[in-house]
Structures are given as C-alpha cells and as structure tokens.
Amino acid sequence: MQDKDFITIALPKGKLFSLSTELLGKVGWTADGLSEKSRKLIITNETARLKFIITKTADVPTYVEYGAADIGIIGKDVILESGKDVYELLDLGFGKCHLMMAVPKDKRRPQLEDYNNTRVATKFPHIAEKFFAAQGMQMEYIKLNGSIELGPLIGLSESIVDIVETGTTLRENNLEEIVTIMNATARLIANRVSYKLKFERINGLVGDLSKILAR
Ligand code: PRP
C-alpha cells in the first residue's frame, strides 16, 4: 500500500483531542491505540488506510499547510493566529470558546483606550495586534506559551489576551474580562492539494461528519 492511499490526520493534544477522536470514531475514522497518552507519534490503521499524528495544538496548521498531514482538527483561533494557508472544511461546533482581553479586577481602567501603550501577555500576538490596531491602539506584546493569566498577577504585563472557555481560570485568578475579541470553535481543515488529490475520501468524511453534526 502506498502513502498516497492513506489519509494523514493531525490531531492536537489537549482539550480538543478526546472530542475530536470521539467524533471521528463515530464515522469509523479511528485506530487501535489512538490515545493522547500514547508515546507513539504515528498511529496507523492499515485496514482503513488512516494515519493519525498527535501534535502540539499550535502546530496542527503547520503540518496541514505543508501537506505532512492531509487534514487536521484545530480551533479557529489557532488557525487565525498561525496565518497558515489551509482549507477550512467544516465547523465542528465543539471546543466553543472566546478570545478576550482581561485585567486584574482591582486594576481596571475606565476605558479600553486607557490601556494604550501598555504590555499585554498572550499566546495570540497576531490576532491581538490586529484587534488593537483596529482600535487605534499600540501595545507591547509579550508572547507566553501557557498559563497566560500569570502575566498581570506578577507584574509582567498590565493585561492578557487569552482564551476563555468556562471562565474558571479568570475567576480563580481575580481577573476580569474587559472586551471580547473573537468567538471560536473547532474546525476540520485540509491541505489544499490533498483536498483535490484525495477528494473522494475527504469529501466523504465531510459528508458523514455533517450528518452526525446535524443530528
Ligand atoms: C486555556 C486558556 C485559559 C484556560 C481557559 O489554557 O489559555 O488558561 O484554558 O479555560 P477556562 O475558561 O475553562 O478556565 P489551557 O488549559 O489550554 O492551558 P495553557 O494555560 O497551558 O495554555
């Protein structure tokens, strides 16, 4: 069996992983040993001609843009931040969250503009910059890779731009949202060339998933 017969699927570690494998499993796109805890980097289902790769969340669009993975599942926020050229096939509906700016409750300033020229800690500097530029604001972006909420709590930054899902992290750290930047959900994405070359299988998957999502 040649590689071109296989579909390679990039799945992100973290919150979207189990939701993604659960949904794909419903349409028979699965493999023995497909688990976030697996130390195996490629998990293959020879019979179904599927290869799953488990990557860091932010890397999914990269694997797909270069065609190392034919398709992938990833949040809209991560797609936009990456700036990668991938084909968005389907809104999967799960992984609902929003990207927002938050500050410590006791340090809230009256207007958004009052934060002009201050430091903001974020995993999403590109989206944040676009947002603030549209408000006529210039900010200093401090790129962090996790636990963003720590930034203003220890004086690294005045504010954060980060994802909120349940709101628990904000609450537990006495932070307050001051403006929503965008809403996001998980998307099925494809490499543009793979989508053409493997149209039948990928489009079949889109059809099968759409039926399940419509239920
Ligand atoms: C994300 C995000 C927030 C948290 C929000 O972090 O960056 O910290 O989830 O979720 P909540 O509103 O339900 O509390 P994640 O858990 O992905 O880890 P990270 O801090 O390492 O980025």
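In which helix is R171 found? I start there because the answer leads to the ligand, and the answer is helix α6. Please keep in mind throughout that what we are looking at is a predicted model.

Let me first give the overall frame. The protein chain has eight helices and 11 strands, and its C-alpha atoms fill a box of roughly 60 × 35 × 30 Å, taken along the principal axes. Of the 215 residues in the chain, 47% count as buried.

R171 itself is not among the buried residues: its relative accessibility is 55%, and because the cut-off for calling a residue exposed is over 50%, R171 counts as exposed. If you look for W29 in the model, you will find that its C-alpha atom is separated from that of R171 by 38 Å, with the two positions 142 residues apart along the chain.

Now to the ligand, and to the part that helix α6 plays around it. The ligand sits in the largest pocket, where 13 residues surround it, the closest being K15, K123, E149, T166 and T169. Both β9, which spans 159-164, and α6, which spans 168-172, supply at least two residues each to this shell, and the largest share, three residues, comes from β9. In chemical character the shell divides into two nonpolar, six polar and five charged residues.

Three of the side chains deserve a closer look. In K123, an N or O atom of the side chain is 2.5 Å from an oxygen atom of the ligand, and for T166 a polar side-chain atom likewise lies 2.5 Å from a ligand oxygen. For T169, the distance between a side-chain N or O atom and an oxygen atom of the ligand is 2.4 Å. As for how much of the ligand is covered, the protein takes up 72% of the 490 Å² of accessible area that the ligand has on its own.

Finally, let me turn to another helix, α8, which runs through residues 199-214 and contains L213. Is L213 buried, partly exposed or exposed? With a relative accessible area of 33%, L213 lies between the 20% and 50% limits, and is therefore classed as partly exposed. Its partner in the next comparison is F94: L213 and F94 are 119 residues apart in sequence, while their C-alpha atoms are 9.9 Å apart in space.

To close, I would return to the ligand in its pocket, with β9 and α6 each contributing at least two residues to the shell around it.

Terms used. Residues are numbered from 1 along each chain as its sequence is written. This is a predicted model: local features need pLDDT of at least 70, side-chain atom pairs count only at pLDDT 80 or more; totals for chains, interfaces and linings use all residues. Side-chain values use heavy atoms; hydrogens and water are left out. A residue is near a molecule or strand if one of its heavy atoms lies within 4 Å of it. A polar contact is a pair of N or O atoms within 3.5 Å; within protein, one must be able to donate a hydrogen and the other to accept it, and residues adjacent in sequence count only if both atoms are side-chain atoms. Accessible areas come from the Shrake-Rupley method with a 1.4 Å probe; for residues, only the protein chains shown count as cover. On a 1 Å grid over the protein atoms alone, a cavity is a set of points where a 1.4 Å probe fits but cannot get out, and a pocket is an open set with protein on both sides within 12 Å along at least five of seven lines; lining residues have an atom within 4 Å of a point. A molecule sits in a cavity or pocket if more than half of its atoms lie within 2 Å of its grid points. Helices (H or I, at least four residues) and strands (E, at least two) are DSSP runs, numbered from the N terminus. Ala, Val, Leu, Ile, Met, Phe, Trp, Tyr, Cys and Pro count as nonpolar, Asp, Glu, Lys and Arg as charged, and the others, Gly among them, as polar. Buried means under 20% relative accessible area, exposed over 50%, partly exposed in between (1.4 Å probe, protein chains only).
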